[in-house]
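Hi,

Here is the structure I promised to pass on. Please open it next to this email, and my notes follow underneath.

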Amino acid sequence: MTSFISIDNVSKTYKGGLAALRNISLDIKRGEILALLGPNGAGKTTLISTICGIVTKSSGTITVNGHDTVTDFRAARALIGLVPQELHLSIFETPWDSVNFSRALYGKPANPKYIETLLKRLALWEKRDAKMVTLSGGMKRRVLIAKALAHEPKVLFLDEPTAGVDVELRGNMWQLVRELRDTGVTIILTTHYIEEAEEMADRVGVITRGELILVEEKHALMHKLGQKQLTLHLTAPLSAIPQRLADYRLELTGDGQTLSYSFDSHGGQGSIPRLLADLAAENISFTDLNTAQSSLEDIFMGLLKQ
């Protein structure tokens, strides 16, 4: 895959001195889904707004498919669809008129069939002639997505797109995102639902205090930083962990009935036979055991603590 968006040493400092972005460099590939994770105020929305030209960067360069977002703004912006966090919609407009108007803003010829298909895919067709004021928050969110896709962009930014959307509709939206990715659309999303990033993303970027501290292929990240935990349910409770087992850094929980052992998911399994042998030597038996893999949320929280 080739880079669709190139961000080179971009910073944003506001007049009051707040450094919202600090020397961000990132290449986003054509046809990938990149999830940006970070706490509130980390700089996720500022980065998206800077790429879209809504916020003026203090330094650095950004290109979208080779078009500079400052010197060739119109060509760059025509390639971008943005779904913002805020629900800014004209309350007396209808979804049909609003989406068609968005398409016309980009100079695209009218295409009623495309707009119909788009509204149906977002479960909005039945409400196409309803006033915005009568729609639920979830439906308004879907209207924003339809407006962002009205001009058939090649890159789609989704800033907390499923906020206020119920589980069923959230699934429909992510199915649409997958279909767009399969047609070559580049997708960048921010989300507080880390399980969504784990399910959807090809790569994950972590932002905190305006700095991009990590960008990694999702599976490679989980492989490198993920941990596994072996849990042993003991036959008889322990009052303390024997000195012989001190090097394993075991955790005794459940009134002494449970031993937990955390190990690196990359090659750490070799220590388990030794642990089991040392348990046997101490006459410690167990009735059951199970293992669990760290989730992307576990890794994310660990990175923020570091």
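Arg103 counts as buried, because its relative accessibility is 4% and the cut-off for buried is under 20%. Keep in mind that this is a predicted model. So what does this arginine pair with? Arg103 makes a salt bridge to Glu152, with 2.9 Å between the closest N and O atoms. The two partners come from distant parts of the chain, 49 residues apart: Arg103 is in helix H3, and Glu152 is in the loop between H5 and E7. Glu152 itself is partly exposed, at 35% relative accessibility.

That pair is part of a bigger set, as the whole structure has eight salt bridges. Here are some others to click on.

Lys29 and Glu217: the closest N and O atoms of this salt bridge are 3.2 Å apart. Lys29 sits in strand E2 and Glu217 in strand E10 (residues 211-217), so the bridge ties together parts of the chain that are 188 residues apart in sequence. Both ends count as partly exposed, Lys29 with 25% relative accessibility and Glu217 with a relative accessible area of 34%.

Glu179 and Arg121: these side chains meet in a salt bridge at 2.6 Å, N to O. Here the link runs from helix H6, where Glu179 lies, to Arg121 in helix H4 (residues 112-121), so parts 58 residues apart in sequence are tied together. Glu179 is partly exposed, with a relative accessible area of 32%, and Arg121 is partly exposed too, at 35%. There is also a network: Arg181, Asp182 and Asp202 are joined into one by salt bridges that share partners.

Now for the inside. How many cavities of 30 Å³ or more does the structure hold? There are two of them.

The largest cavity has about 60 Å³ of space. Its lining is made by Ile145, Leu149, Leu156, Leu158, Pro161, Met173, Trp174, Leu176, Val177 and Leu180. Helix H5 (137-149), strand E7 (155-159) and helix H6 (167-182) are the elements that each give two or more residues to this lining. H6 has the largest share, with five residues. By class, the lining has 10 nonpolar residues and no polar or charged ones. H6 is also the helix that holds Glu179 of the bridge to Arg121, if you want a landmark while you look around.

The second largest cavity has about 30 Å³ of space. Around it you will find Leu26, Ile28, Leu34, Leu36, Leu47, Ile48, Ile51, Phe157 and Ile188. At least two lining residues come from each of strand E2 (19-29), strand E3 (33-37) and helix H1 (44-52). The largest share, three residues, belongs to H1. Once more there are no polar and no charged residues in the lining, and nine nonpolar ones. Strand E2 should look familiar, as Lys29 of the bridge to Glu217 lies there.

One last stop, on the outside. Ile91, Phe92 and Val133 make a nonpolar surface patch of about 300 Å². To find it, go to the loop between strand E6 (80-83) and helix H3 (95-105), where Ile91 is placed. Is Ile91 exposed, partly exposed or buried? Ile91 counts as partly exposed, because its relative accessibility is 40%. Helix H3, which follows that loop, is the one that carries Arg103, so you end up back where these notes began.

Cheers

Key. Residues are numbered from 1 along each chain as its sequence is written. This is a predicted model: local features need pLDDT of at least 70, side-chain atom pairs count only at pLDDT 80 or more; totals for chains, interfaces and linings use all residues. Side-chain values use heavy atoms; hydrogens and water are left out. Patches are made of residues with over 30% relative accessible area and no salt bridge: like charges are joined within 9 Å, nonpolar side chains (Val, Leu, Ile, Met, Phe, Trp, Tyr) within 5 Å. Accessible areas come from the Shrake-Rupley method with a 1.4 Å probe; for residues, only the protein chains shown count as cover. A salt bridge is a side-chain nitrogen of Lys or Arg within 4 Å of a carboxyl oxygen of Asp or Glu. Helices (H or I, at least four residues) and strands (E, at least two) are DSSP runs, numbered from the N terminus. Buried means under 20% relative accessible area, exposed over 50%, partly exposed in between (1.4 Å probe, protein chains only). On a 1 Å grid over the protein atoms alone, a cavity is a set of points where a 1.4 Å probe fits but cannot get out, and a pocket is an open set with protein on both sides within 12 Å along at least five of seven lines; lining residues have an atom within 4 Å of a point. Grid points are joined across faces, edges and corners, and a volume is the space filled by probe spheres set on the points. Ala, Val, Leu, Ile, Met, Phe, Trp, Tyr, Cys and Pro count as nonpolar, Asp, Glu, Lys and Arg as charged, and the others, Gly among them, as polar.
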